[in-house]
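Work through the following exercises with the sequence and the model side by side. Each begins with a task and continues with a solution in steps.

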Amino acid sequence: MHVSTPPFSPYTKDNPFAARVLENRVLNKDGSSKDTRHLVIDIAGSGLTYKVGDSLGIYPANRPQLVEEVIELLGATGNEPVLPARLTAALSLREALTTKVSLTGPTKKILETLGALTADPKEKEQLAALLAPEAKEALELFLGQREYIDLLEEFPGAKLTPQAFIDHLRRLMPRLYSIASSPKMFPGQVHLTVAPVRYESNGRRRYGVCSTFLADRVTRRKTPVPIFVADSHFGVPADGAKDIIMIGPGTGIAPFRAFVQERVATHATGHNWLFYGDQHAATDYLYGDEWKKFVAEGRVARVDLAFSRDQAKKVYVQDRMREAAGELWAWLKGGAYFYVCGDAHRMAKDVDLALHEIIAQQGGLEPAAAADYVKQMKKDKRYQRDVY
Ligand SMILES: Cc1cc2nc3c(=O)[nH]c(=O)nc-3n(C[C@H](O)[C@H](O)[C@H](O)COP(=O)(O)OP(=O)(O)OC[C@H]3O[C@@H](n4cnc5c(N)ncnc54)[C@H](O)[C@@H]3O)c2cc1C
Ligand SMILES: NC(=O)c1ccc[n+]([C@@H]2O[C@H](COP(=O)([O-])OP(=O)(O)OC[C@H]3O[C@@H](n4cnc5c(N)ncnc54)[C@H](OP(=O)(O)O)[C@@H]3O)[C@@H](O)[C@H]2O)c1
């Protein structure tokens with residue numbers, strides 16, 4: 001028997017592949033307050049392979065305007081040689097600020113340095129007040145609203161050399177994105193669903209490093225995007241006859257598009273049930289046409305939608321779960337797998353609570369027994385989460 005082995009790829013987290021973006025399309029319709037992107041990344045020829053449920057790691061570059069502002073505030077040209085921590089060869093300040101260091105998340109240490117260096121008594125006083133042992137909360141709030149650029153701007157009396165500045169910065173880390181395609185449907189490609197992070201703090205517009213790198217600064221087919229595949233335990237059941245329930249509001253939809261593609265490609269006989277939510281039905285049903293087609297073709301048994309802002313009272317995916325409690329319990333009793341992807345801070349917690357309540361109520365179980373049921377689901381890998 002011939003067993004085909006995947007092609008070997010030399011590309012890893014430490015040696016990323018310089019991929020190109022083939023497509024960058026806004027998924028939301030006109031009038032939406034959101035700007036979620038569908039990205040198609042070319043991995044043909046890289047030897048990279050992935051499974052549905054895996055994530056793609058991406059090394060971003062900082063915004064050029066931000067880098068130039070920092071160089072100016074340092075009174076530098078950008079050509080000064082610097083050596084960031086853990087690197088063995090010097091590179092220019094501009095290059096280091098663009099691809100090697102994080103310009104966000106300033107720490108107490110830089111305030112201490114600025115306090116020691118500043119020649120301005122007012123700055124010294126302000127920094128001493130912030131660093132006083134009793135000012136812990138104020139310091140946290142102060143740093144939480146700022147990036148390194150704010151500090152260079154607010155404390156011009158302290159002159160940091162390019163190397164001294166670089167020494168304060170952490171490494172620029174790669175970001176992960178859930179893969180939204182099956183390699184069986186789109187060989188040589190990786191699809192992603194990316195929500196650009198944009199907000200304001202301390203009177204400045206802020207741009208999430210990697211999400212806006214992908215959405216705004218990568219030129220199609222031109223800009224090299226360093227990528228690697230991050231293996232995950234999140235994934236479809238090995239047995240295609242198992243039913244699956246997928247909870248994926250917002251960008252949480254990404255892996256489930258991949259799951260259904262995979263199950264179609266492998267002729268899996270198990271049923272697929274999706275819970276999806278976002279702000280408005282008219283503009284924010286991500287991949288809505290694809291889901292409608294999957295349902296029409298009988299590939300997806302059921303889609304329950306929760307558009308939070310189409311009525312006075314918010315409706316979320318967990319509300320739809322509660323409305324469908326009887327059927328959801330019947331699927332779980334039948335051995336269905338339960339998946340959650342998306343926001344970890346609020347949604348995943350509320351969905352977990354709803355799951356416990358539904359199991360207790362429908363199964364006639366005490367809360368402790370329902371919790372045991374959920375624990376067992378986790379042990380059996382029937383409850384999997386990919387939340388961030
Ligand atoms: C396994 C996994 C899968 C993921 N899949 C996806 C995916 O499919 N799609 C997707 O879009 N993302 C996904 N993410 C999230 C992604 O990795 C990034 O965290 C996200 O894109 C933000 O990165 P960034 O570099 O753009 O922003 P950063 O520069 O890292 O900035 C983000 C930070 O900005 C701050 N911030 C953000 N909004 C505000 C605000 N309103 N007010 C104040 N501060 C704020 C917070 O401190 C936040 O941590 C996933 C994460 C993981 C771990
Ligand atoms: N850790 C992270 O960095 C992280 C994680 C997730 C999202 N985000 C950021 O949030 C922005 C949008 O993300 P997204 O497009 O994935 O959508 P999202 O903000 O997660 O919203 C998707 C849907 O979920 C609803 N929702 C809000 N709270 C909920 C809850 N407690 N339970 C269930 N549903 C809830 C939203 O409703 P309402 O908005 O109407 O309340 C909306 O209808 C992006 O900037 C993204 O990067 C960041």
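**Exercise 1. Describe how helix α3 and helix α4 pack, and which residues make their contact.**

Step 1. The axes of helix α3 (residues 108-117) and helix α4 (residues 121-131) approach to within 9 Å and cross at roughly 145°; axes are lines fitted to C-alpha atoms, for helices over the stretch in contact, and angles run from 0 to 180 degrees between N-to-C directions. Helices (H or I, at least four residues) and strands (E, at least two) are DSSP runs, numbered from the N terminus.

Step 2. In the crossing, α3 passes α4 in the left-handed sense, where left-handed means that the near helix is turned anticlockwise from the far one by less than a right angle, and right-handed that it is turned clockwise.

Step 3. On the α3 side the contact is made by Lys 108, Leu 111, Glu 112, Leu 114 and Gly 115, and on the α4 side by Lys 124, Leu 127, Ala 128, Leu 130 and Leu 131, contact meaning that C-beta atoms, placed from the backbone, lie within 7 Å.

Step 4. Sorted by class, this contact has six nonpolar, one polar and three charged residues (Ala, Val, Leu, Ile, Met, Phe, Trp, Tyr, Cys and Pro count as nonpolar, Asp, Glu, Lys and Arg as charged, and the others, Gly among them, as polar).

Before going on, note that this is a predicted model, in which local features need pLDDT of at least 70 and side-chain atom pairs count only at pLDDT 80 or more, while totals for chains, interfaces and linings use all residues. Residues are numbered from 1 along each chain as its sequence is written, and chains are lettered from A and ligands numbered from 1 in the order in which they are written.

**Exercise 2. Analyse the packing of helix α14 against helix α15.**

Step 1. Helix α14 (residues 347-363) and helix α15 (residues 367-379) have axes 9 Å apart, at an angle of about 115°, and α14 passes α15 in a right-handed crossing.

Step 2. From α14 the contact draws on Leu 355, His 356, Ile 359, Ala 360 and Gly 363, and from α15 on Pro 367, Ala 370, Ala 371, Tyr 373 and Val 374; eight of these residues are nonpolar, two are polar and none is charged.

**Exercise 3. Establish the strand order of the six-stranded open sheet, and explain why one side of β6 and of β7 has no neighbour in the sheet.**

Step 1. The order is β6-β3-β10-β1-β2-β7, with antiparallel pairing (two strands pair if DSSP finds at least two bridges between them).

Step 2. Because β6 (175-178) and β7 stand at the edges, each with a single partner strand, one side of each is left without a neighbour in the sheet.

Step 3. From one strand to the next, the twist averages 40°.

Step 4. Within the sheet, strand β3 (residues 55-58) is joined to strand β10 (residues 225-230) by four bridges in the antiparallel sense, and Ile 58 has Ile 227 of β10 as its bridge partner.

**Exercise 4. Determine how domain 1 meets domain 3.**

Step 1. The domain assignment (automatic or from a database) gives domain 1 (17-60 + 174-230), domain 2 (64-168) and domain 3 (244-387).

Step 2. The C-alpha centres of domain 1 and domain 3 are 24 Å apart, and 21 residues of domain 1 are in contact with 20 residues of domain 3.

Step 3. On the domain 1 side, strand β7 (residues 189-194) supplies the largest share, three residues, and by class that side has eight nonpolar, 10 polar and three charged residues.

Notes: Contact = placed C-beta atoms within 7 Å.
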